[in-house]
Number of protein chains: 2
Amino acid sequence: MEKQEFDAFISKKGLKLTRERDEIVSEVLCCQGHFAPDELFVQLRSKGSKVSRASIYRTIPLLVESGLIAEVERTDKHAHYEKVSKNSHHDHMICTVCGRVIEFYSKPLERLQESLCKRENFKGVRHCLEIMGVCENCDG
Amino acid sequence: MEKQEFDAFISKKGLKLTRERDEIVSEVLCCQGHFAPDELFVQLRSKGSKVSRASIYRTIPLLVESGLIAEVERTDKHAHYEKVSKNSHHDHMICTVCGRVIEFYSKPLERLQESLCKRENFKGVRHCLEIMGVCENCDG
DNA sequence: AATGAAACTGAGACTCTGTCTCAATTATAT
DNA sequence: ATATAATTGAGACAGAGTCTCAGTTTCATT
């Protein structure tokens, strides 16, 4: 269903609906969790797509602009994205064993941060909290 | 004073005290706040040093191992380091206008994170909270 | 259906951060 | 003074990402 929304976005911008964009959007929509540009490339290629890295990197900003995905700020040294869902803001717990990403949101945490900013006369705009550790599946 | 400590560390490891290491440690000790490897390189070169990038990158792990500096986890896509101080763990507020980094620590924040981890059966090991925004100097 | 302009594509050059190799140099124990 | 092991800079290399360019494709218009 969301595919049509992206197609509409592309048309409205006067851009063109190409096989490559089609393949990329489909792959993004069917994959779960976080993904990196190169993972997307490898997955598509493994499914027989002839798409190039350049097209992946060119299409990602369009997916972001259309609101279908958003960049995830991670301390990891390359880009990560995730599909945008209703409950937009959340932070992450990342399992260093299996790579699993747990999303969480805490109103008290948000409020606490606000008061800490106030104390420093700092106008907080956005934040990124990443808790690294071991998830219950891996803690044997 | 800390320079001697590093020299002692180097000697104890059976490594050598070279002009390049000397220049690098001195620069790190006199600079304030966070720094990136390439900044260090540019600063040293601008002061007339003939040090190479390779030596910067080779010396940084020694500085970390000696306890003089520590890597800072940032969502920025390259490495950042800071001098190690007494009050070790802290998080950061980063001004998107001037790049200023404000360190802060909050016990309630730490406790709240612990309880959030418990709720997810997640064994938190370390975390990184980065609040991006505008500092009081830049908020005009 | 044919056309044509503008958008798009893949290949590969390029940038940036960081690592590695190698021959020449240097610190240090003797 | 010497030997030897560590260190150095230059430059090749690697991975993520950007950019250019010539050839291709979409799509609105005939």
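These legends walk you through close-up views of a predicted model in which protein chains A and B meet DNA strands C and D.

Before you start, note that residues are numbered from 1 along each chain as its sequence is written, while chains are lettered from A and ligands numbered from 1 in the order in which they are written. Because the model is predicted, local features need pLDDT of at least 70 and side-chain atom pairs count only at pLDDT 80 or more, while totals for chains, interfaces and linings use all residues; side-chain values use heavy atoms, with hydrogens and water left out.

**View 1. The residues around DNA strand C.** A residue is near a strand if one of its heavy atoms lies within 4 Å of it. Around DNA strand C there are 18 residues, and those that come nearest are K16(A), R21(A), S52(A), S55(A) and Y57(B). Looking from the DNA side, 72% of the strand C atoms within 4 Å of the protein belong to sugar or phosphate, and the rest to bases.

**View 2. Phosphate oxygens of DNA strand C and their partners.** Look here for polar contacts, pairs of N or O atoms within 3.5 Å (within protein, one must be able to donate a hydrogen and the other to accept it, and residues adjacent in sequence count only if both atoms are side-chain atoms). T18(A) brings a polar side-chain atom to 2.7 Å from a phosphate oxygen of strand C. Chain B takes part through its backbone: a polar backbone atom of L17(B) is 3.1 Å from a phosphate oxygen of strand C, and one of A79(B) is 2.7 Å from a phosphate oxygen of this strand.

**View 3. The helices facing DNA strand C.** Helices (H or I, at least four residues) and strands (E, at least two) are DSSP runs, numbered from the N terminus. At least two residues of the surface near DNA strand C come from each of α2 (19-30) and α4 (53-65) of chain A and α4 (53-65) of chain B. The largest share, 3 residues, is supplied by α4(B). By class, this surface holds 7 nonpolar, 4 polar and 7 charged residues. Here Ala, Val, Leu, Ile, Met, Phe, Trp, Tyr, Cys and Pro count as nonpolar, Asp, Glu, Lys and Arg as charged, and the others, Gly among them, as polar.

**View 4. Now for DNA strand D.** Which residues come nearest to DNA strand D? Of the 18 around it, they are K16(A), Y57(A), R21(B), S52(B) and S55(B). Sugar and phosphate make up 73% of the strand D atoms that come within 4 Å of the protein. In R21(B), a polar side-chain atom lies 2.3 Å from a phosphate oxygen of strand D, and a polar backbone atom of K50(B) is 3.2 Å from a phosphate oxygen of strand D. The helix α4(A) gives the most to the surface near this strand, with 3 residues.

**View 5. Two domains of chain A.** Chain A is divided into domain 1 (2-83) and domain 2 (91-133), with bounds from an automatic or database domain assignment. Their C-alpha centres lie 26 Å apart. Contact (heavy atoms within 4.5 Å) takes 6 residues from domain 1 and 7 residues from domain 2. Between these domains there are 2 salt bridges, where a side-chain nitrogen of Lys or Arg is within 4 Å of a carboxyl oxygen of Asp or Glu. You can also find the side chains of E130(A) and R74(A) in a salt bridge (3.9 Å, N to O).
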